[in-house]
Amino acid sequence: FDAGTHESLVEAASYIMSMHRPLEKMQLEEKKSHKVVAGFLLYNARKYLAEFLNSIKSQDYSNISLMALDNNEDEQNEDVKFLKENFPEIQIVRPGTNTGFGFGHNILIQAARTAGAEFYAALNFDMILEHNFISELMNTILKNPKICSTTGKIMRWDFNNRDRWGNEGRTN
């Protein structure tokens, strides 16, 4: 590194610090960890919701709240009924119209900020998260202050083989 400017000195220090700072387990008590809101949009999602939500509930990171934005036309749709019956702790935001993906997540980001979240995970309902997904994302972000966004590896979900493999249909 050429550390001849303030900016390049900070960049060099940040790089060296990240190289020598090991990833730490994020299995912290809720009161000590950063609040994360995991947000997702609802639109004909019922087929995926149980596996998706159970994968979030099984995270090793404890300070996670869930928010869903309902993009369905009908207020009493199958997705909302399922959430209210099985996951009543999930906050449901209903804008009254289909907002699309990007604007829908922007609405949820604002709701997460209002709820005091420090981080927001923009998720799709057709995902199955590994048990350490959120903690790995948080480790990456907290380890290097220059990082402002992370994502996970996307793999195919094979419903036809979910029972045979015993892993909800995840593939490699």
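Visitor: How much area does the protein chain expose, and what share do carbon and sulfur atoms supply?
Guide: This is a predicted model, in which local features need pLDDT of at least 70, side-chain atom pairs count only at pLDDT 80 or more, and totals for chains, interfaces and linings use all residues. Residues are numbered from 1 along each chain as its sequence is written, and side-chain values use heavy atoms, with hydrogens and water left out. Accessible areas come from the Shrake-Rupley method with a 1.4 Å probe; for residues, only the protein chains shown count as cover. The exposed area is about 10700 Å², and the share from carbon and sulfur atoms is 50%.

Visitor: What is the mean pLDDT of the protein chain?
Guide: pLDDT is the predictor's confidence in each residue, from 0 to 100. In this chain 81% of the residues reach 70 or more, and the mean is 84.

Visitor: Is Asn72 buried or exposed?
Guide: Buried means under 20% relative accessible area, exposed over 50%, and partly exposed in between (1.4 Å probe, protein chains only). Asn72 has a relative accessible area of 7%, so Asn72 is buried.

Visitor: With which side chain does the side chain of Asn72 make a polar contact?
Guide: A polar contact is a pair of N or O atoms within 3.5 Å; within protein, one must be able to donate a hydrogen and the other to accept it, and residues adjacent in sequence count only if both atoms are side-chain atoms. At 3.0 Å, the partner of the Asn72 side chain is that of Asp79.
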